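Student: I have a structure to go through. Can we take the labels one by one and ask what earns each of them?

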Amino acid sequence: MKTNDYIKYMTQQIVSYADLPKEERLAKREEKRSARQPGMYHWFGLLPYAIMQPIKGIKRIKRAGR
C-alpha cells in the first residue's frame, strides 16, 4: 500500500468517525468494551480459569455446609 493510499484511508476513517453523533460514538465504544474478554483471560489464556474453577467449587461447598 502506498503512503498516499494510507493517508487517504486514514482521513476517511477519521472523517466518518467525526461525523457520528456523540451518543453513537459512546455506544459503539461501550459495545466494543463489553465484547472484550477480561484482562486476566486475554493475557494468560485458560490457566486462570483452570485455577479458579476448583477454588470456586470449594467455596460453594463451604457455603452449602453452613
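**Confidence and labels**

Tutor: Start with confidence, since this is a predicted model. Helix 1 has the highest mean pLDDT among the elements of the chain, 93, and helix 3 (residues 39–44) has the lowest, 74. The chain as a whole has a mean pLDDT of 85. Of its residues, 97% reach 70 or more.

Student: Why is Y9 called partly exposed?

Tutor: Its relative accessible area is 42%. Buried needs under 20% and exposed needs over 50%. Y9 falls in between, so it is partly exposed. Y9 lies in helix 1 (residues 3–19).

Student: Which residues join Y9 in a nonpolar patch on the surface?

Tutor: Y6, I7, M10 and I14 join Y9 there. Together the patch has about 500 Å² of accessible area. Members of a patch need over 30% relative accessible area. Y9, at 42%, passes that cut-off.

Student: What makes the contact between E30 and R33 a salt bridge?

Tutor: The N to O distance is 3.9 Å. The cut-off is 4 Å, between a side-chain nitrogen of Lys or Arg and a carboxyl oxygen of Asp or Glu. The pair is within it, so the name applies.

Student: Where do E30 and R33 lie?

Tutor: Both are in helix 2. They are three residues apart, about one turn of the helix. E30 is partly exposed at 45% relative accessibility. R33 also has 45% and is partly exposed.

Student: How many salt bridges does a search of the whole structure find?

Tutor: One.

Student: How do you know that the charged end of R25 sits over the ring of Y17?

Tutor: The charged end is 5.6 Å from the ring centre. The distance limit is 6 Å, and the charge must also be within 35 degrees of the ring normal. The distance passes, and the contact is listed as a charge over the ring.

Student: Is R25 buried or partly exposed?

Tutor: R25 is in helix 2. Its relative accessibility is 22%. Buried means under 20%, so R25 counts as partly exposed.

Student: What is the count of aromatic pairs?

Tutor: Zero. Ring centres must lie within 6.5 Å to pair.

Student: What separates R25 from H42?

Tutor: They are 17 residues apart along the chain, and their C-alpha atoms are 25 Å apart. For E24 and W43, the C-alpha distance is 30 Å across 19 residues of sequence. E24 is in helix 2 (residues 22–35).

Methods: Residues numbered from 1 in each chain as written. Predicted model: local features only at pLDDT ≥ 70, side-chain atom pairs only at ≥ 80, totals over all residues. Heavy atoms only, no water. Helix = DSSP H or I, 4+ residues; strand = E, 2+ residues; numbered from the N terminus. Phe/Tyr/Trp six-rings, centres within 6.5 Å; stacked < 30°, edge-to-face > 60°. Patch = residues over 30% accessible without salt bridge, like charges linked within 9 Å, V, L, I, M, F, W, Y side chains within 5 Å. Areas by Shrake-Rupley, 256 points an atom, 1.4 Å probe, with all protein chains shown as cover. Buried < 20%, exposed > 50% of the residue type's maximum accessible area, 1.4 Å probe, protein only. pLDDT = per-residue confidence, 0-100.
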